[in-house]
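User: Got a minute to walk through a structure with me? I'll just throw questions at you as they come up.

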Amino acid sequence: MHVTHGAPLAPLTTLGLGGPAATLVELADPADFPEVVALVAGEAGRAGPPVCLGAGSNTLVHDSGCSTPVLRMATRGIRFLDGPRADPVRIEVQAGHALADLVEATVAEGLRGMEMLTGIPGTVGATPVQNVGAYGQEISDSLVAVRAWDWRTRRHVTLAAAECGLGHRTSMFKRSRRWTLLGLVFALRRSPLSAPVGYRQVAAELDVPLGSSVPLAEAARAVLSVRRGKGMVLGCSAADERSVGSVFLSPEISPAQAERLRARDAPVNSFPDGSTRVSASWLIREAGFELRRPVTPGVRVSSLHYTLVAEEPTDGAGAARFRAAVEIVRRRVEGRTGVRLSPEIDFLGDWDRAQ
């Protein structure tokens with residue numbers, strides 16, 4: 001465990017915005033977690049349980065920083081819990097392990113269930129918080145249980161996936177500091193072939209009909225190619241690298257809205273939770289936003305995809321201006337399309353204080 005006071009948080013996020021943490025605790029060894037508990041109960045205890053930070057790929061830190069202790073999860077490791085012939089195969093993963101590395105490992109092992117999640121940044125521990133998903137797969141499809149520390153009862157707990165309140169990009173962990181996720185257990189099927197391809201862009205990249213299954217590695221490569229084409233892979237576009245990926249959730253729409261939007265050739269899809277949703281990026285384009293155009297000083301639309309990116313801080317970018325740009329997009333989309341967007345970003349820090 002490593003503790004720093006007044007630590008800059010901006011370099012620990014993909015947006016590169018925001019102020020410092022009053023107390024930053026970095027945990028690399030799971031055996032050191034009792035020390036984290038003791039620290040929070042002691043000098044940092046007045047601020048309550050810590051806020052967890054993984055890879056910072058979905059986070060906007062307030063310009064004044066964060067007075068609450070910040071726990072950065074850097075634990076790594078994958079452990080297979082079953083024998084070589086088991087099917088499904090259960091694996092236990094440390095919360096700080098990179099999701100991209102886990103997906104690569106499962107594909108290499110011939111395990112189906114995560115191949116469509118390739119290219120998504122962040123840590124494994126963050127995935128159940130918003131039930132991370134893409135191109136027809138969600139973490140809830142394979143999650144069995146989470147190991148966590150419950151700050152209310154002050155004990156280790158193991159929660160079955162069904163207890164986690166998993167929905168479309170949400171869970172009982174989102175916007176809550178009660179639990180710190182320490183490890184996750186997944187169950188994946190042995191298969192040389194992917195889940196059926198349910199998205200047109202991925203099917204087109206593979207040159208196969210919708211509903212086809214292809215070798216796992218081919219599916220992963222196709223998804224990665226589609227994501228790169230949208231600028232949704234970290235490091236794929238130097239001009240757009242200061243990004244949180246998807247700023248907004250794909251909003252749920254009514255049957256009447258779905259019919260109206262399908263008539264306009266909008267990408268409307270059904271999700272595992274039974275909801276029908278439309279692409280947020282399509283709505284942003286329909287609202288009149290243009291690629292590469294500024295929204296607020298220092299914040300503009302990406303050059304590749306209808307999402308927001310930050311310019312260098314010397315060009316006027318700041319957390320407050322980024323959040324203002326989020327609100328400008330939300331209001332215009334609702335005014336032009338009648339559909340309300342909700343931010344997918346985690347707002348870390350003292351946002352309840354006056355700007």
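User: Which residue in S12 stands opposite Ala 148?

Analyst: That's Val 157. Keep in mind that this is a predicted model.

User: OK, and in what sense do S11 and S12 pair, and over how many bridges?

Analyst: Antiparallel, over six bridges. S11 covers residues 143-150 and S12 covers residues 155-160.

User: How many residues sit between the strands in that hairpin, and which one takes a positive phi?

Analyst: There are four residues between the two strands, and Arg 154 has the positive phi, near 55 degrees.

User: Switching to pockets. What volume does the second largest pocket have?

Analyst: About 160 Å³.

User: And which residues line it?

Analyst: The lining is Arg 112, Gly 113, Gly 136, Gln 137, Asp 141, Ser 142, Ala 187, Leu 188, Arg 189, Ala 195 and Pro 196. Strand S13 (residues 179-190) gives the largest share, three residues.

User: What's the split by class in that lining?

Analyst: Four nonpolar, four polar and three charged residues.

User: New topic: where is Thr 68?

Analyst: In the loop between strand S4 (59-61) and strand S5 (70-73).

User: Buried or exposed, that Thr 68?

Analyst: Buried: Thr 68 has a relative accessible area of 12%, and the cut-off for buried is under 20%.

User: What is Thr 68 in contact with, leaving aside neighbours within four places in sequence?

Analyst: Thr 23, Ala 47, Pro 49, Pro 50, Val 51 and Arg 177.

How values were computed
Residues are numbered from 1 along each chain as its sequence is written. This is a predicted model: local features need pLDDT of at least 70, side-chain atom pairs count only at pLDDT 80 or more; totals for chains, interfaces and linings use all residues. Side-chain values use heavy atoms; hydrogens and water are left out. Two strands pair if DSSP finds at least two bridges between them. On a 1 Å grid over the protein atoms alone, a cavity is a set of points where a 1.4 Å probe fits but cannot get out, and a pocket is an open set with protein on both sides within 12 Å along at least five of seven lines; lining residues have an atom within 4 Å of a point. Grid points are joined across faces, edges and corners, and a volume is the space filled by probe spheres set on the points. Ala, Val, Leu, Ile, Met, Phe, Trp, Tyr, Cys and Pro count as nonpolar, Asp, Glu, Lys and Arg as charged, and the others, Gly among them, as polar. Buried means under 20% relative accessible area, exposed over 50%, partly exposed in between (1.4 Å probe, protein chains only). Contact means heavy atoms within 4.5 Å.
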